[in-house]
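Please walk through this model with attention to the empty spaces inside it and to its surface.

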Amino acid sequence: MVFPLAFMLFFIVAEMFVLQWQGRGSEYSWKDTILNLNSGHVVLWLFRGFEVFAFGWVASHWSLGVISSWPTVWQWVFGFIVWDFCFYVLHYTHHKIGLLWAIHEVHHEGRYFNVSLGARNSWYSSLSSVPFFIWMAFLGLPVEIFLVVSTFHYGVQLFNHNAVTPRTPWLEAFMVTPNHHRVHHGDHPVYHDTNFGGTFLIWDKLFGTYKTAQPEYPLCYGVTGHDASTNPVHTNHDPLRRWLRKPVLPRSAMTVEWPAWVIATAGVGLFVVVLLYVAGDGYWETWQQYSIFALLVLGTVAIGGLSEGRNWARWGWFAVVAGLAIWVIGVLAWHQWYWWLCLGGLGLHALWVLWHRPSPVASS
């Protein structure tokens, strides 16, 4: 799993530079991009692990053995096609049921259509996916096939959010492409509840949910009436509170403005630690795993605070980075070069943030 996540990080950063080089800097924001990267792949990873565990446990204990008795090639064909159909049903349902929409809305609140939007997901999205795929485990689909097939399809969906590839009519005839999927993210009512497919276009055409962009209705992204936060705590819980008809979490006024590069380097650096965490997942003691996980979650919150110009965030970011360094190198005694390089770089960044004085934001 480290390799697809590392490729995702590479393509997200590379696309930002391509858009800047093409003079399309207005089509992305580093604050938005870093939220997208870190909101969906820290806490989400915990529930993705639970999703895979639940699938494997059912396949091992409650399987009817129907699919596992087939020739291997047909098991793969079944998993590849049926997973994509299940995703269509999942995606459609997440737009129709209030609680599920409160989870999925996080993805739609992104106001920039680029690769990072594909990584923007609720912390709870994998948890809400379990009921839509678990029935394949009852039928006997091996967990290895489920893991590979789902990872492939999620990779296609990441590609479907990119802003730089040209149109490919031959591919668009049978597969979902960015040209199709940007319509799904259109905020105008004419585009609502359309183009739910993940990889194959057949499901939208079969069930009448396919739509092309309309020239008279320009595509704008986000969710009208909702001021999307760059703090992952607000981002992941405000939609749920609205669904519960409770007031959203209060936000303090922005007091300082950090340069975009500060947010970008903090977010990318923290995600490198996420990659190291994923690489070690399953090899560490449970207490080691959850201690690193907790610090990563606090790191995303601190970066969100930096993005929103909160005074506490500079100290919070320094505390998280120092905590990671002390815990990993001092307590756990993991002295591999990559931990030193990663945590050393983050340490220099945190020190700079701690002592630098950004320009205050004028009160209105």
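A cavity, in the sense used here, is a set of grid points where a 1.4 Å probe fits but cannot get out. The model is a predicted one, and by this rule the count comes to two cavities of 30 Å³ or more.

The largest cavity holds about 70 Å³ of space, and its lining includes Lys-31, Ile-34, Leu-35, Thr-230, Pro-232 and Ser-307. Two elements, helix 2 (30-39) and helix 14 (286-307), each give two or more residues to this lining, with helix 2 providing the largest share, five residues. By character, the lining of the largest cavity divides into five nonpolar residues, six polar and one charged.

The second largest cavity contains about 40 Å³ of space, and among the residues that line it are Glu-109, His-226, Asp-238, Arg-242 and Arg-251. Here the lining divides into two nonpolar, four polar and five charged residues.

From the cavities we can turn to the largest pocket, in which about 1,000 Å³ of space lies. Of the 45 residues that line the largest pocket, Gly-118, Tyr-154, Gly-155, Gln-157 and Leu-158 are the closest to its centre. Helix 1 gives the largest share of this lining, eight residues, and the lining as a whole divides into 20 nonpolar, 23 polar and two charged residues.

On the surface, Leu-64, Val-66, Trp-70, Val-73, Trp-74, Val-77 and Ile-81 form a nonpolar patch, whose accessible area together is about 660 Å². Within this group, Trp-70 lies in the loop between helix 3 (43-61) and helix 4 (72-96), and Trp-70 is partly exposed, with a relative accessible area of 34%.

Terms used. Residues numbered from 1 in each chain as written. Predicted model: local features only at pLDDT ≥ 70, side-chain atom pairs only at ≥ 80, totals over all residues. Heavy atoms only, no water. Patch = residues over 30% accessible without salt bridge, like charges linked within 9 Å, V, L, I, M, F, W, Y side chains within 5 Å. Areas by Shrake-Rupley, 256 points an atom, 1.4 Å probe, with all protein chains shown as cover. Salt bridge = Lys/Arg side-chain N within 4 Å of Asp/Glu carboxyl O. Helix = DSSP H or I, 4+ residues; strand = E, 2+ residues; numbered from the N terminus. Buried < 20%, exposed > 50% of the residue type's maximum accessible area, 1.4 Å probe, protein only. 1 Å grid on protein atoms, 1.4 Å probe; cavity = no way out; pocket = protein on both sides within 12 Å on 5 of 7 lines; lining within 4 Å. Points joined across faces, edges and corners; volume = space filled by probe spheres on them. Nonpolar A, V, L, I, M, F, W, Y, C, P; charged D, E, K, R; others polar.
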